[in-house]
Amino acid sequence: MRPTRQEEFNKSLVERAFQDVFASDAFNEDAIARYFSPRYVQKTDGRTLDFPGFVAHVRELKRTLKNVKITFERAVAEGASVVSIHRAEAEKVAGGRIAIRVFALFVIDEGKIVLCDELTHLEQGTAEDRDLASRQP
C-alpha cells in the first residue's frame, strides 16, 4: 500500500525537525516551535519531558555537543504516526565522541509533533552519556 500525501508529509516533518533542531550547532527555539507542539511530550527510556523540559533538553545538548549528524536508517509513516530507527553521532565539547541508536514513535497533530516515545541504545561514549536522549541541565 502506498503512503498517502499526509503520511509522506509526516515522515518528512520528522526528518526535517531532526536536521533543523538537532543537526544544527546553534540553539534555535523558533525552529523547535516550528516542528514541535506546545503540547509535546517526550518519553525516553522511562523519563518523560513536557515541552518546556524538551526545550531545556535541546539547550543542554547544544551546550555539550557539536557537529551532530543524524542518519535515518528506516522511517515508516502510517496515519498520524511515524516510526523511525535513526542514529545520532556527535563530538562532545569536552572531548570524545558519542553515538546512539534510537527506535522512536512520533505522533503528528495539526502539522506538529505532539509525542515522541523512544528507546535509545548508547553505541559509543561513556557511562555518563547514557542520559543523552533525555539529558537536562
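Which residue in strand 4 is the bridge partner of T71? It's R87. Keep in mind that this is a predicted model.

That pair of residues belongs to a longer match: strand 3 and strand 4 (residues 81–92) run antiparallel to each other and share 11 bridges. In general, strands of a sheet pair through backbone hydrogen bonds, either parallel or antiparallel.

Now for the sheet itself. Six strands make up an open sheet with mixed pairing, lined up in the order 2-1-6-5-4-3. At the edges you'll find strand 2 (47–50) and strand 3 (65–78); each has a single partner strand, so one side of each is left without a neighbour in the sheet. Going from one strand to the next, the twist averages 20°.

Helix 1 (residues 5–22) packs on this sheet, where it touches strand 1 (36–44), strand 3, strand 4, strand 5 (97–109) and strand 6 (112–124). The direction of helix 1 makes about 170° with that of strand 3.

Stepping back, the protein has three helices and six strands, and from the N terminus on they come as α-α-β-β-α-β-β-β-β. The radius of gyration is close to what the globule rule gives for 137 residues, so the protein is as compact as a globular protein of that length.

Here are some whole-protein values:

| Property | Value |
|---|---|
| Radius of gyration | 14 Å |
| Box filled by the C-alpha atoms, along the principal axes | roughly 45 × 30 × 25 Å |
| Exposed area of the protein | about 7,500 Å² |

Carbon and sulfur atoms supply 51% of that exposed area, and buried residues make up 41% of the 137 residues.

Terms used. Residues are numbered from 1 along each chain as its sequence is written. This is a predicted model: local features need pLDDT of at least 70, side-chain atom pairs count only at pLDDT 80 or more; totals for chains, interfaces and linings use all residues. Side-chain values use heavy atoms; hydrogens and water are left out. Two strands pair if DSSP finds at least two bridges between them. Helices (H or I, at least four residues) and strands (E, at least two) are DSSP runs, numbered from the N terminus. Axes are lines fitted to C-alpha atoms, for helices over the stretch in contact, and angles run from 0 to 180 degrees between N-to-C directions. Contact means heavy atoms within 4.5 Å. The radius of gyration is taken over C-alpha atoms; the globule rule is 2.2 Å times the number of residues to the power 0.38. Buried means under 20% relative accessible area, exposed over 50%, partly exposed in between (1.4 Å probe, protein chains only). Accessible areas come from the Shrake-Rupley method with a 1.4 Å probe; for residues, only the protein chains shown count as cover.
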